[in-house]
Amino acid sequence: TDFKNVVASSGCMIVVSNRLPFVLERTENGKLIRKASAGGLVTAVAPVVVNGNGLWIGWPGIHLEDPNEPIPESDPTDITPTAGLKSKKVVAVHIDPVKFDDYYNGCCNATFWPLFHSMPDRAVFRRDKWKAYVEVNKEFANRTFEALKNLKHSGEDIGTDAPLIWIHDYHLMVAANWIREAAIEEEISCKIGFFLHIPFPPWDIFRLFPWADEILQGMLGCDMVGFHITDYCLNFVDCCQRCLGCRVDRKNLLVEHGGRTVRVRALPIGIPFERFVELAEKAPKLLSTNQKIILGVDRLDYTKGLVHRLLAFERLLENYPEHREKASLLQIAVPSRTDVKEYQDLKEEMDQLVGRINGRFTTPNWSPIRYIYGCINQNQLAAFYKESAVGLVTPLRDGMNLVAKEFVACQINVPPGVLIVSPFAGAGETMHEAIICNPYEIESASECLHRALTMPEDERILRMNYLRRREKINDVNYWTRSFLHAMGSLATQEGLDDMD
Ligand code: G6P
């Protein structure tokens, strides 16, 4: 009901993201089917779209010969949050495959991903890829505006307030202005919000992108721009001031641009906490071992610090031989963006390193590292989270990192395990009772592991209680409500008293 109330007061919501909340697949007999995605974002946002007469606009994960081929309804057995998302509430954006590859792999994954994670050496800057990015953003914007217009003229009850358009992530940073301009032209009111799911880098990194100003102008086409933590907000505000010369208010996080005032907000994302608790309660026992499991779960991505993590574990076994045969590292690496060379190289490096460390320490009864390169389902995941003694979340840089939050939600056994988290993840900003571990320094990272493995029970209980309490309150529903609140309370005549 919370959702219904908030949504009713703000009309309807149109969500725009690179991927739809499910992908389409073609079965062997040529039938199109939906394959649900289980991410927290989908869980939180899908009900708002379903209940609020909204729409979800995005790429369907497959290139269709005939773009008019209808999107199938969900399977009757589907119990995921997108099950209620009727096909008429979904707009699939079809892009020419070559252009899509330039936009997605060429620009989003090869440029913005590394740059925004403050790894500029890995970023490729190419005019043709950027051009494709802008074009694809324009296509998304056109489809969004069309959808807005149709909705307005559909005769459906879309509430009294202006429809709310919520654009997600670094794939769609320059889409807002086209939507806003078209809406003004045709006198259709709407409010546009944007949320970035990855870090926003500091000015001296951001400005390396040759078309940096255009990104800022694109984001400033929104009424409100949200980030996970205040640091990213301040970076963004700083960039607006230094690149575009905007007047800004750092205290109230406001940016003035083109005669409008744009709000900037820190809205740290949470997880569907209760769902993970339930999964953990029902989880089958999967790990038949009396060793302590140190667990890592990540997409195979160079931002996740996987190589550093293996080296830290190797150092633990060197410096603290008492953990040999007593502890093992279970690392799950989910294949990701396998078309990009950096990801292929990392796969090679990991394979070699796991082989070397296992070759060095394995005994007839024990292997130090169990390495799974593949996908695991939510039930298995919850079982691993529940049974592990240490959750090891040590990215070199990460917007938020939901694994840290899922791990604590599933730690329902008493006494619980220990969370280790990197200060360079958004999660490191709020999960204070975790062991905070700088992944770059292998020696101290190995000491963090030792400390986690030897921490007294009462300390573990105390820390985990605090961690779980916080995530339970600040769950993903709370996040969605905060976003809606930040949008709903937009004031058009906002004063900018403290501008500098
Ligand atoms: C990050 C991004 C998401 C993205 C996900 C998976 O979490 O913030 O927008 O969907 O990675 O990456 P992919 O390229 O497979 O969509």
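User: In which helix is the place of Cys 243?

Analyst: In this predicted model, Cys 243 can be placed by looking at the helix that covers residues 230-244. Setting aside neighbours within four places in sequence, Cys 243 is in contact with Trp 203, Phe 206, Asp 213 and Leu 216. The helix that holds Cys 243 is α8.

User: What distance separates the C-alpha atoms of Cys 243 and Pro 284?

Analyst: Along the chain, Cys 243 and Pro 284 are 41 residues apart. In space, the separation between their C-alpha atoms is 54 Å.

User: Why does the span of helix α4 agree with what is expected of its 27 residues?

Analyst: Helix α4 runs over residues 127-153, and at 1.5 Å a residue it should span 39 Å. Just after this helix, Gly 155 takes a positive phi of about 80 degrees. The span of α4 agrees with the expectation because its end C-alpha atoms are 39 Å apart.

User: Which residue in the loop between α10 and β13 has a positive phi?

Analyst: Most residues other than glycine have a negative phi. The loop in question lies between α10 (306-319) and β13 (327-334), and a residue there that is not glycine has a phi near 65 degrees. That residue is Glu 325.

User: Which residue does a cis peptide bond join to Val 414?

Analyst: Most peptide bonds are trans. Here the bond has an omega of about -5 degrees and is cis, and the residue joined to Val 414 is found in the loop between α13 (403-410) and β16 (418-421). The residue is Pro 415.

User: How much of the area that the ligand exposes when taken alone does the protein bury?

Analyst: The residues that surround the ligand include Trp 113, Asp 169, His 171 and Arg 299, and by class the shell has four nonpolar, two polar and four charged residues. Oxygen atoms of the ligand lie 2.8 Å from an N or O atom in the side chain of Arg 19, 2.5 Å from a polar side-chain atom of Tyr 104 and 2.9 Å from a polar side-chain atom of Arg 337. Taken alone, the ligand exposes 380 Å², and the share of this that the protein buries is 71%.

User: What is the average pLDDT of the chain, and where is the pLDDT below 50?

Analyst: The chain averages a pLDDT of 92, and 94% of the residues score at least 70. Residues 1-9 have a pLDDT below 50, with 12 contacts in the model beyond near neighbours in sequence, and the pLDDT also stays under 50 over residues 489-497. Where pLDDT is low, the predicted coordinates should not be read in detail. The average is therefore to be read beside these stretches: it is 92 for the chain, with values below 50 over residues 1-9 and under 50 over residues 489-497.

Key: Residues numbered from 1 in each chain as written. Heavy atoms only, no water. Near = heavy atom within 4 Å. Polar contact = N/O pair within 3.5 Å; in protein donor to acceptor, adjacent residues only side chain to side chain. Areas by Shrake-Rupley, 256 points an atom, 1.4 Å probe, with all protein chains shown as cover. Nonpolar A, V, L, I, M, F, W, Y, C, P; charged D, E, K, R; others polar. Helix = DSSP H or I, 4+ residues; strand = E, 2+ residues; numbered from the N terminus. Expected span 1.5 Å × (residues − 1). pLDDT = per-residue confidence, 0-100. Contact = heavy atoms within 4.5 Å.
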